[in-house]
Amino acid sequence: MSLRSVSGASVELASCLYRPLTAPKALMTTEHVSRSPNQLLASLPAADYRRLLPDFKTISLPSKHVLQKPGEPLQRVCFPGGGVVSIMHVMTDGQAVEMAAVGNEGFVGISACLGGGLQIAEALVQIPNGSAQVLELGVFQREMDRRGAFRDMINRYGQAYLASLMQSIACNALHTVEERLARWLLLTHDRIGRRDFPMTQEALAGMLGVRRSTITLAFNALRRAGLIDHVSKKIVIKNRAGLEAAACECYATIKGHFARLLP
Amino acid sequence: MPSRRRSRSRTSRNKLLAALPDGDYRRLLPVLGTIPLPFKHVLQKPGETAQHIYFPSDGAYSITRLMEDGRMVEVATVGNEGFIGINAVFGGIRALSGAVVKVPDGAARVMPVRSFHREMQRRGPFASVINGFAQRFVASLMQAAACHAVHSVEQRCARWLLTTGDRVGDDEFPLTQEFLAVLLGVRRPSVTLALGALQHAGMIEYGPGRVIILDRMALKDAACECYAIVKRQLG
């Protein structure tokens with residue numbers, strides 16, 4: 001499948017290179033329990049998931065919904081069914097910078113693994129999509145104490161999450177805004193499985209911690225190269241392979257962490 | 001009745017170990033080795049099987065990520081307020097990061113990973129202090145991610161000098177511009193410029209292989225907010 005770019009040249013959509021962040025795994029389901037849209041939960045043995053099911057609450061994830069506020073006690077963990085939740089660090093002047101993102105490949109509330117306590121970061125729904133399954137902290141900890149498949153899965157995700165957080169730290173120091181933008185767009189595409197998503201350049205600037213003018217420059221560079229476009233308040237990825245080439249190594253590294261550690 | 005005397009080894013300079021009740025600490029003693037670690041010693045590389053957990057006694061350690069071209073970038077600093085080996089808290093066997101000594105440690109404590117897991121499973125005071133630090137450590141990572149995106153080389157330089165000085169407990173410590181450039185993830189000339197500006201303003205004095213902090217207060221003003229925030233977080 002290919003697109004015609006503005007110049008008339010054919011742009012190959014590298015759909016064959018696209019792989020979701022984690023490969024969906026066939027789950028043994030019974031007729032009574034439908035598969036969770038969250039990949040971590042979907043990877044659990046059917047019996048474990050069935051046991052937890054009564055304790056899950058389903059909440060919707062509308063745009064800009066705040067799941068977690070820094071400094072507030074952590075009370076629950078959240079497994080998104082889709083979309084993207086931004087984990088933001090809020091500076092003292094109120095500027096919020098994204099440090100990590102969670103889609104249906106993960107969960108929000110990593111401090112639950114470390115005894116709970118106060119929430120460290122702000123979790124904000126950046127790209128809405130459907131709902132999420134929420135587990136109270138007590139239930140989460142009880143299930144972790146069983147030291148079974150749930151704990152293994154949570155721990156593996158925790159490692160992938162930390163590794164990608166550390167990679168982002170290095171990336172933010174070393175790489176250009178253009179590279180970081182390309183990385184962000186690619187990871188978002190992987191998470192939501194769509195090439196277009198609602199996003200303003202304003203929001204992008206905030207997330208990447210740069211000035212609006214800086215993001216415009218970076219955005220235009222990627223647009224001029226035919227890699228992305230901005231169409232009616234949506235960002236569209238036009239050339240996936242090109243975008244991967246424009247991204248820094250951190251995209252592949254982060255994706256690799258999730259691919260290796262998750263089912 | 002013989003009076004109970006604390007053995008000298010009971011006084012651990014690592015604050016996490018020192019916070020343990022006597023009984024717990026005594027139980028760990030047989031598995032706690034002691035090892036001096038010199039400047040630039042590499043404890044672990046990301047992806048390597050991590051055999052040990054380290055509890056610094058003094059000095060300072062750079063937690064690093066390795067880029068494909070071999071460049072190291074510092075993502076956090078750890079001293080005797082913490083431990084090195086967070087992957088173990090998540091049941092991992094591979095190091096998530098590199099760790100390198102940036103200020104020498106006379107007597108770091110070392111524990112085999114298996115002993116660490118065994119003690120964690122008791123869910124006692126050890127698990128509490130470990131989890132407590134792990135949370136603060138993750139918070140400092142988040143601060144670093146934002147810092148690197150938003151703050152200038154000069155601000156980050158000032159912050160780095162203050163943080164390292166705090167860990168050492170001294171205003172003078174070994175430093176090469178090369179090393180600092182690597183850790184900050186910037187080009188050497190940027191570090192030269194930043195250090196030059198800080199020296200020109202009378203905040204520091206640097207010579208071959210070492211730096212002296214002359215004016216802490218001024219250096220704090222030059223640093224980004226991340227210095228004060230992480231200092232508060234890590235205690």
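## Reading a predicted two-chain model

Mentor: Let's start with A:K233, which sits in the loop that runs between β11 and β12 of chain A. Keep in mind as we go that this is a predicted model.

Trainee: Happy to. Why is A:K233 called exposed?

Mentor: Its relative accessible area is 66%. Exposed means over 50%, so A:K233, at 66%, earns the word.

Trainee: And what makes the phi of A:K233 worth a remark?

Mentor: Phi is near 60 degrees there, a positive value in a residue other than glycine. Most residues other than glycine have a negative phi.

Trainee: Which other residue of the loop between β11 and β12 of chain A should I look at?

Mentor: Try A:S232, found in that loop. Its phi is near 35 degrees, again positive in a residue that is not glycine. With a relative accessible area of 64%, set against the cut-off of over 50%, A:S232 is exposed too.

Trainee: Let's turn to helix α7 of chain A. How do you know that its reach fits its number of residues?

Mentor: α7(A) covers residues 212–224, which is 13 residues, and it reaches 18 Å from its first C-alpha to its last. At 1.5 Å a residue one expects 18 Å, so the reach is close to expectation.

Trainee: Which residues of α7(A) are buried?

Mentor: They are A:I215, A:A218, A:F219, A:A221 and A:L222.

Trainee: Why are these buried residues said to lie on the same side of α7(A)?

Mentor: Because the directions from the axis to their C-beta atoms cover an arc of only 155 degrees, which puts the buried residues on the same side of α7(A). In general, an α-helix has 3.6 residues a turn, so residues three or four places apart point the same way.

Trainee: What covers the buried residues of α7(A), and which residues are exposed on the other side?

Mentor: The cover includes α5 (177–192), α6 (201–208), β11 (228–231), β12 (234–237) and α8 (240–246) of chain A. On the other side of α7(A), A:L217 and A:R224 are exposed. Just after the helix, A:G226 takes a positive phi of about 75 degrees.

Trainee: Now for the rings. Why are B:F83 and B:F133 called an aromatic pair, and of which kind?

Mentor: Their centres are 5.5 Å apart, and the rule asks for centres within 6.5 Å, so they pair. The planes make an angle of 65 degrees; over 60 counts as edge-to-face, so that is the kind we have.

Trainee: What makes this pair a link between distant parts of the chain?

Mentor: B:F83 belongs to the loop between β5 (72–78) and β6 (98–103) of chain B, whereas B:F133 is in helix α4 (residues 125–150) of chain B, and the two are 50 residues apart.

Trainee: Are B:F83 and B:F133 buried or exposed?

Mentor: Buried means under 20%. B:F83 has 2% relative accessibility, so it counts as buried. B:F133 has 1%, so it counts as buried too.

Trainee: How many aromatic pairs are there over all chains?

Mentor: The count is 16. One aromatic cluster is formed by A:Y49, A:F56, A:F79, A:F107, A:F140, A:F150, A:Y157, A:Y161 and A:F258.

Trainee: Why is B:F137 called buried, and what does it touch?

Mentor: B:F137, in helix α4 of chain B, has 5% relative accessibility, which is under 20%, so it counts as buried. Leaving aside residues up to four places away in sequence, B:F137 touches A:M166, B:I63, B:A76, B:V78, B:I86 and B:L234.

Trainee: And why is A:Q159 called buried?

Mentor: The relative accessible area of A:Q159 is 7%, again under 20%, so buried is the word. A:Q159 lies in helix α4 (residues 149–174) of chain A. Among the residues it touches are A:L261, B:F90 and B:G91.

Trainee: One last one: what makes B:G79 a buried residue?

Mentor: It has 0% relative accessibility, set against under 20%, so B:G79 counts as buried. B:G79 lies in the loop between β5 and β6 of chain B, and touches B:P56, B:G59 and B:R167, not counting residues up to four places away in sequence.

How values were computed. Residues are numbered from 1 along each chain as its sequence is written. Chains are lettered from A and ligands numbered from 1 in the order in which they are written. This is a predicted model: local features need pLDDT of at least 70, side-chain atom pairs count only at pLDDT 80 or more; totals for chains, interfaces and linings use all residues. Side-chain values use heavy atoms; hydrogens and water are left out. Rings of Phe, Tyr and Trp (its six-membered ring) pair if their centres lie within 6.5 Å; planes under 30 degrees apart count as stacked, over 60 as edge-to-face and the rest as tilted. Helices (H or I, at least four residues) and strands (E, at least two) are DSSP runs, numbered from the N terminus. Buried means under 20% relative accessible area, exposed over 50%, partly exposed in between (1.4 Å probe, protein chains only). Contact means heavy atoms within 4.5 Å.
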